Structures are given as structure tokens and as C-alpha cells.
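Biologist: I should like to learn how to read a structure of this kind, feature by feature. Where should a newcomer begin?

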Amino acid sequence: MRLNDPETCRVFDVQRFSIHDGPGIRTTVFLEGCPLRCGWCQNPEAFGHGHAKPMLIAAILAEVLKDESYYALSGGGLTVSGGEPLLHLAPVRALLEGAKGRGLHTCVQTSGAVPQAHFAGVLDLVDLFQFDLKHMDSPRHRQLTGVATERIHANAAWLLQQGANVQFRMPLIPGLNDDAENIDAMAQFLITHGALALCLVPYHRLYVDKYRAMGLEPGVQGLEPPSDARLAQVRQQLEQRGVAVTVEG
Amino acid sequence: MSKLHAKNAAQKARLLNAEHWLCMERARFYTQAHRETEGQHPSLRAARALQCVFANMTVRIEPDELLVGNRSSHLIAPPIAPERGDFIFIFDHLMEELKAFGYRISESDERFLYDELIPYWSGKTVRDAKIAAFRAHGLVSQLSVRPGEIRRKLRSFGARSLWRLVVNGQQKRTVLASMTRLPRLLRALRGGAGDNIKGRGRCTDTQAHIVLGHKNVLRLGFSGIAAAARARQESAQTAEERAFLESVELSCQAMRDFSDRFAAAASAQAADTVDPERRAELDAIADACNRVPWLPPQTFAEALQALWFTQNAAIISYGAGSGITPGRVDQLLYPYFAADLASGALTRPHALRLLEEFIIKLNNNVIIWPNIGGVELNHLGSDVENITLGGVDAQGEDATNALTYLFIQAIANTNLATTASFRVSNKSPKSFVREVVAIHRETNSPAFLNDETAIAAMVRDGYAVEDAREYCLVGCVEPSGNGDTYGATGGSKIYFPTALDLVFNRGKTTFFGNQDGADTGDPAAMATFDDFLTAFYTQLDAMVGWVTDATNLRDAIWAERFHNPLISSTIDGCIANAKDMTAGGARYNFGAVGGGGLGTAVDSLAAIRAMVFDERAMTMGELRDALASNFRGHEALRQRVLAGPRFGNDIPAVDGLARDVVARFCAMVSSRATICGGHFKASLISYGLNVYEGALEPATPDGRGAGRPLSNSMSPSNGAERCGPTATLNSLTRIDHTHIGYGNSLNLRLPVGILRSDKGVESVAHLIRGYFDKGGFHLQFNAVDTATMRAAQARPEDYADLIVRVSGYSAYFTRLGHAIQEDIIGRTEFATCG
């Protein structure tokens, strides 16, 4: 697979009327390939089991532009997700260029685990980075996702230095990353970098049947979504440190 | 916690728990007068019958109510109009089913029904005359086969699925009753006693479906209307004109006498009431009834009383199931509301209480029909009295007002299956759309209508633009003039898939087997898709011809025999023309032809084009054989067509077929004239009947099995939508909605829980605006999720007020039959990314 063919991407879903992936009504394009292996991942198609199909950038763009009028009304646009979309710099840049050319709002959902040059390569074309922070402790992060935090955190800092619009998001996985110590470290990280907002994305189980249908088993099993009370506790802990919290889901 | 006023909560509870009765008062007194007026002019006969009904029927004042006007001897008992014939037919054939389903009738009423009413009306009803006329004009396709063959036919339709439909959700007793009565039902069918005409078309007994001229009643009172009729007498030219004008005066007087009876009853109750608060309320009711609707109202409370009383009386006059519509209630009542608020005579909480009660009353109606085929039509609010809110005024400016918002609140608080139509223009405040979307958090009622499209359609059909801007929604979603139109927006229908059936069988329908239409040639010999399409349109045009001919024959019977001077007196034009509405008195006149199963037909045409002609994946002969055997032994072929392109997925080539079919159908309909001087208008609405509609329709080339439901209204086939709501909306707007004069309906089920967040509400509002910017006419949402509905199926008692929309009106989910419940659940649920 040529990751950086500027003409094509391997796409496993184009989801229209997405309203949880950035402002307004959006179309979210899901690209195959991810350096992480999170046990709670809701998109195992990204792992490359043959669920994606190659699409020409022009074809993706044509699909995205079908809802152009709804983006105009709602301030929405294109969200590129995955997997880790920034693995594929050239085609993603081409896709974002096409979207910006039509005046669409652009959003990239990233794990941060790519070379800094890939962020630099799309910086001028992205209106919003939705940047996942999964765990603050590097060994624990490696345990949970397969990669360390150093490059992720460096990229986050670099994006902020460049003045990029970054929304940090934290998947809240009960028992895995919602302990008080990690939440506190999360707040500290955000304060240190002057980014005083965090979007919590509570764990859900809607994806479990998808794994089964694909003949796979989810990495983590038997987890319950966080209770409202737990969610409120986490929110309170963050807010006490001065971090504004939103909850997506 | 309910925000409903405590007194209204009590009224709502009484309504939800009331027994459903069959009351013969309206039938008895109408018939009594009708017998005494043999030989008189039909307008006079109707007026005298109305006098007799209003003078003798039970007058009820319910506990806690501030607005009065009842229709029968029980809280829930629809007024029965025997002269139409539809009620007689139901009682003659389905009484056991009605009873098994919970309808009650008193012994004396039942004796009267069978000993006097049915014998008297036998041969005299609109239905009797209609069937005779249809036969005389060769419009009936009789089931001319032997009972043994019927069984064979039912089998070929997948009798099991059909039988499941009959059996579903019923007590064993009911099933047995149905079984023993099946031969009788089939005899009735064979005798052409149904509304069926050839080509599987339908033409019901009723017309009506009309927006009452409440504007004239509020402005003039019935005293003023009577005076206008008297003044018009001076220039009356003929005995006919004089008779009609006299009948208007008699009807107005009957309204006054009827209202006086309520005033007297309220006074009498007041005298017996100890509670000073209730006594004062009863005194106020008596005062109001002494004035309105005879005189023009002076206060908001009087205006609402006049409106409700007139609405109620009109429904008594026509009988239930008549689509009598209140119209733009926020516009009609606003001047009184504003004046009373300004003077301090009215508080907003009291206005809200009155509106809540009014909304509860609008839900006090049921269609009399047993549960057959797993379809229940008799839930509260099923005999819709659609109210229209919002939109622009006659000058084209936004007319949303404080009362519009108060109505929104009343509908949310009441949480009944209220049929409310919200007109949205490009001048509507954004907050208006958002607030109506947010009602879905409380109740599933609202429908959204696009002013720009509706007004353009009205103007296209001949309305002056000022009149077009005042349009109101009748029945489910049919736009009609505000008290100036005799529209008969419902009742006549054809099904697009039948045209396919007629092509495949060279002019015969599979079920009835008669040579209804022309032989358009052997489909297997058709060289191109265009040849097939030409044959399809030939059959469709013939079907439209039959149904419009039938409708005109029926309408002529009404014009000749059964007038309605009360309703006519409120409609612009009738007094000026000195003519009953049925005879062409109204300012604007139209007829209606509905088209059903568009999605099924379009998917079928798309499959034929793709599989037979483009890809040559099968021959027409193979397809025809597969259809004839209901895909038995052709499962591979069926799977291939099921995987084919479907309407509703933003595929221009498929959507283009839908656009062409709708445009051609609308042109066929509009080219036909009604007997009153107007033309027919098309609609694409299912009234929630698409399960019935599919029962006698054979297998279709889209892979749908014989007897399965058709697609509903203008929505894509169930399960066809795979690309989300924006794709569906894009598909729908490739059709020019301004051709569809009597409206279309799109039911979209929203993602689970989307309305929990403000972002979700905002996004739905943007969907509506986006759809309307592209020319969409109507949109409504089912925001109830599958899990909720499954739970409701398992424990109906816990979900008694769970409401869903079925094709243009609201229904109580747990009171729907199993088949419809499955149909709703089967509607595609769009996932969103979490």
C-alpha cells in the first residue's frame, strides 16, 4: 500500500450528517491505517483487515460536496478521521486543499502519533485539530495504545506554538485512564500549554457488535460506560484546576 | 414532571381512559328529519336534518372544561353520518370486529341500527349510488373468481404473511370471528361493495377534507352570515338559489339554538355547583354560549369557544372521518389574545390553560375501524383535525406571533398525538424552528411545511398569491385555501406499483385477473427501457383516468343529493354564488388523486433498467417469472435486485426516475377536470395505510415480496436509505414538489438521542432549512429509538403515551398493530459518529 500516493486514499467509511466531529453538520472521512492499537478502539476497520477501499481524492471530495449546502447553513464541513489520517500526508493534504478550495471548514482528528512534519504539512489547511490525549503517563500509554507519549505531547505543544486551533479530547475509559492521578496530570499538561479546555468522550459499547461481525474481539472487554456520577466527578476535578470541560457523545 | 395545568391533566386522563362508543344520536335525528323532507331541495333537507340533530342530541358539559361543545352521548363516540354509506358498510360487515376490538354500543342503539337505520338507508346512500354508477361506467374490477380460487390467489401472495397480518396482535376470539366472517367479507368484496375501482384504485364515499371558514364565523358570527344570506336572497334568480340561501339561514339559526342549549346547561350546572370557582367558570361558559358563535366574539376566550363550537358542529354535520380542519388557529385568535393581554383581561397562564384544553379536544376523535390486517386506525386523534401554525401572512411577511409560541408550549405540555403543521418560511425566526424541533423531546407531533414551495404550488394551481399565502394543512399534509376552497383533498388513490403489474400482465392485475387496461405488449419483447417506461406511463395514465372518472361520479351524487349548508355558509363564495359547496359554490374548487408506493415503483424501475437493460444480468422473461412465483425458486435473482440502486441514497440516475414519475403523474392528474370547475391535484401520502396498500399488490421488481407493505408516502422504501438523512433529502429534492398540489410527506427517523443536546436540535433545524432551501415540501421526524419501541412492544402498559408519526399524522405506538409497529421500526435508523 502506498501511503503517500497523492491521488488516492484507503477509505473505510464516508459518514454524512456527522454532528459530533466538529462544528455544524459535517461529513467525516475515515482513513485506514493507525500506529496505535487502543483496546477500546471503535473503528477496527482502520487496522487494515481489508475493510477499506481505495478512493480517488476527487471521488471523496465529490461525496463530501454533496452536503455543501448543509455545511454552509451550519458552519460545518469536512472532518478527516481514521485511524490516524495524518499518516497519509500527501493525499490528506490534497483532500484538505480541495475542501478549502470550496470554502469548507476543515477538521482533522488525530492521535498525534505522527512525525511533526506531517502536522507542518497540513497546518495551513486545517481549521480545527481534534487531538486525542489518552493517558499522560508514557509507559501506561504504551501499555494501553502501543505507543509512547513523547512524540504526541511534542506535537501538541508544537501545534499550540504555531497558533493552530486545537481541541483536546480525552476518551474516558473507566478503570483505564479515569483515575484521579491521570486526570490531574491531564489538567497539568493543559495548563502548562495554556490550553484550558478539554472535551471528554465517554466510553461506549456500541461498537462491540461490529468487532464480532468482523470476526474480531475488542481489546478491552466487559467495560461499562462511565456513570453520570463518575463523569461529573471527573468534570469537577478538571474544572477545579481551571480546565473548561465539554462532554461529547 | 408534566407542566400541564392540573385541570387539563384531569381532562387528558379521562380522555385516555374513556371507552369508545358507537352513538346513534346523529344518525337517528338526521334520519328522522330526512324521512320528513322527502322531495325537498337537498340544501333544505340538510339544514332541517341539522336542526333536528342540534335540537335533540345530548348536551354534555364535562368536569373541568372551559370550552364546550360535544359530538355525541359519550365522551368518545364519533358522530355517525349514515347518508354517506361508509358507516353503514362498516356496521353491516364489521360490527363483531368492532366489538371485539372494544367498541361499545347500547342495546337500544344496536336495535335501532339494525331494525331501522340500515333498512332505511339501504339503497339510498352515497355509497350505494356510487357503486351503481361505477358499475354502469365499467369502473369496477370485480373479483370474479370462485372462493377456491381466492384461496389459491391468497396463497400466491404469500397467504401466510397475509394471514399473519389478520391474526397479529388479536385475541383468539377475534381471529375466530374474523375467520367465520371471511366468506362474508369476500362476498362484499366480490359484490364491488368496496371503494375499489379497476386498476386497484380507490374512491371513498366522503369528500369534505376542507378548511372551515372560521375566519368568517369570527368576523361576522352566524348572525352576520345569516344576514348576508338574507341580503343575497334579493338577487336570487332561481328556486335552487333561494332554497340554498334559506338553508343557510336555517343552519345559522340551528347553531344559535344549539349554543343556547349549552348556555342553559351551564347555567343549570352552575346553580347546582357549590365550589365557587367552578360556579364562576360555568357562569362564564353560559355567558359565552349566549353570545358566540351567533355574535362575533369580543374576547380571546369567546373566540376560542366560537372556534371550537363551530369546529365541533361542522364535524357533527358531516360525520366523523371527514377531515374538517380548523386552519391557522394562531392567526385567527391572535387579535383577541393581543387585545385581552393589553387590557389586562387575560393572563398568559390562563391563555395557556385554554390552549391546552383546546389541544386535548382536538385529540378527542377516533376513526371507526376495527383492527384488520394488524393495522389500527382508531387511536385517539386519528380522525385528524390538523392545526396550522406559523408561516407568512397574506402580504408575505412573517406572521409568527406570541400565540404561535404559546401553542407550541401547549402541544408540548399536552403530549398527545396532536396533528400540528408548522409552516416555515425563509422569514421565520430561527428560534421558531428550534423551538418546534425541541418539542420532540416531549412529544412526537410536529410536521414542518415549507411556505415557499407550498405557496408556489398553490399559485401554480390557480390561487391568487394573497390567498395562497394563507394556506392551511388539511388532513395529513394537504395544503388548501383558508376557508375559500372546496378541496376534497383525500379519498381517491392509485398505487404506482399497480402500473408495473399492469405492464407485466398486459393490462390485467395479478390479484383480480380482469382485463382492466390496455395490452401494452409483451414486456419480454421490449427492446429498450424507454419502451418499458412508455408502457408504464400508458397504464398509469389509464389508472388516473379511472380514478378521476370515479371521483367525478361520486361527487355528482353529493351535489345532487347531500348538501351541507352549515359548512358552506362559512366558505368564501357559497353565499355570493348562492350554491352549496358540493355543487361548486366555493371560490376555489379542486379534487384529489393520491399516488402510493412511489419508492417501491421507482426502485423497481431502477432495477429493471439496471438488471435487464444495462447490465443484462437477467431477461425480462426471467424477471416476470420470478414475480409471478413471488420469487419462489428465484432467491438469487431477488438478492441481486435487492442489492441494486435505491431511491433515497442521493443517486442522480435513480432520483431522476422518481422526478420523472412524479412529474408525469402530477401532469396526468392536473389535466383532469372536476365537476365543480376546478382540476384534480396530486398528492403522495399514505395516511399510514401502506401496510394495507401492499396487501393485494404482487411481488415487485425491487425484490419486495407479494403482500408486503409498499413504501410509505414519498419516503424511500423501508431499509433502502443507507447514506443518512442528508442523502435522503437530496434524493427527495430532485423531485419538483411544486407539481404536487396536495402535498407529499417525508418521514425521517432521527438518530437516537440526537435531541438531547442543543447541537442536535440546532443540526435538525439546519436539516429542515437545508431541505426547504432545496424545495422540499414537508418533513417530520420520528425521534423515538428502536430500543424504546421494542420495550413498548413488550410492555405496552408502561408506554401508553409513546407517540410516533405514521405518514403525516401522529399515533400512539402501543395502540398500533404489530405490523405497523414493525414497519416503523423497520424504517432506517441513521447512525451518527459518537
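Modeller: The discussion below goes from chain B to chain A, with a general idea before each case where one helps. Please keep in mind that this is a predicted model.

Biologist: How many helices and strands does chain B have?

Modeller: Chain B holds 32 helices and 18 strands. Of its 834 residues, 60% count as buried. Among the contacts in chain B with a separation of 6 or more, 78% join residues 24 or more positions apart.

Biologist: How should I read a single helix, and which residues of helix 1 of chain B are buried?

Modeller: The general idea is that an α-helix has 3.6 residues a turn, so residues three or four places apart point the same way. Helix 1 of chain B covers residues 6-17. In that helix, B:Asn8, B:Gln11 and B:Lys12 are buried. Seen down the axis of helix 1 of chain B, the buried residues fall within an arc of 100°, so they line one face of the helix. On the other side, B:Ala6, B:Ala13 and B:Asn17 are exposed.

Biologist: What do the buried residues of helix 1 of chain B pack against?

Modeller: Their partners are helix 15 (348-362) and helix 16 (402-414) of chain B. As for its length, helix 1 of chain B has 12 residues and reaches 17 Å from its first C-alpha to its last, close to the 16 Å expected.

Biologist: Which residues are buried in helix 25 of chain B?

Modeller: In helix 25 (residues 620-628) of chain B, the buried residues include B:Leu623, B:Ala626 and B:Leu627. Viewed down the axis of helix 25 of chain B, its buried residues lie within an arc of 100°, so they line one face. They pack against helix 20 (496-504), helix 24 (598-614) and helix 26 (635-642) of chain B. Just after helix 25 of chain B, B:Asn630 takes a positive phi of about 55°.

Biologist: How is a sheet read, and in what order do the five strands of the open sheet in chain B lie?

Modeller: In general, strands of a sheet pair through backbone hydrogen bonds, either parallel or antiparallel. In chain B, five strands form an open sheet in the order 1-2-11-13-14, with mixed pairing. Its edge strands are strand 1 (196-197) and strand 14 (680-683) of chain B, each of which pairs on one side only. Within the sheet, strand 11 (residues 492-495) and strand 13 (residues 591-596) of chain B pair in the parallel sense over three bridges. One bridge partner there is B:Gly595 in strand 13 of chain B, which is matched with B:Ile494. Helix 27 (residues 652-670) of chain B packs on the sheet, touching strand 13 and strand 14 of chain B, and its direction makes about 155° with that of strand 14.

Biologist: Turning to chain A, why is strand 2 described as largely enclosed?

Modeller: In a regular strand the side chains alternate between the two faces of the sheet. Six of the six residues of strand 2 (residues 26-31) of chain A are buried, so the strand is largely enclosed by the rest of the structure. A:Arg26, A:Thr28 and A:Phe30 are buried on one side, and A:Thr27, A:Val29 and A:Leu31 on the other.

Biologist: In which sense does strand 2 of chain A pair with strand 4 of chain A, parallel or antiparallel?

Modeller: Strand 2 and strand 4 (residues 77-81) of chain A pair in the parallel sense over four bridges, and A:Val29 stands opposite A:Val80 in strand 4 of chain A. By contrast, strand 1 and strand 2 of chain A run antiparallel and are joined by five bridges.

Conventions. Residues numbered from 1 in each chain as written. Chains lettered and ligands numbered in written order. Predicted model: local features only at pLDDT ≥ 70, side-chain atom pairs only at ≥ 80, totals over all residues. Helix = DSSP H or I, 4+ residues; strand = E, 2+ residues; numbered from the N terminus. Expected span 1.5 Å × (residues − 1). Buried ≥ 20, exposed ≤ 12 C-beta atoms within 10 Å, placed from the backbone. Arc of directions from axis to C-beta. Contact = placed C-beta atoms within 7 Å. Pairing = 2+ DSSP bridges. Axes fitted to C-alpha atoms, helices over the stretch in contact; angles between N-to-C directions.
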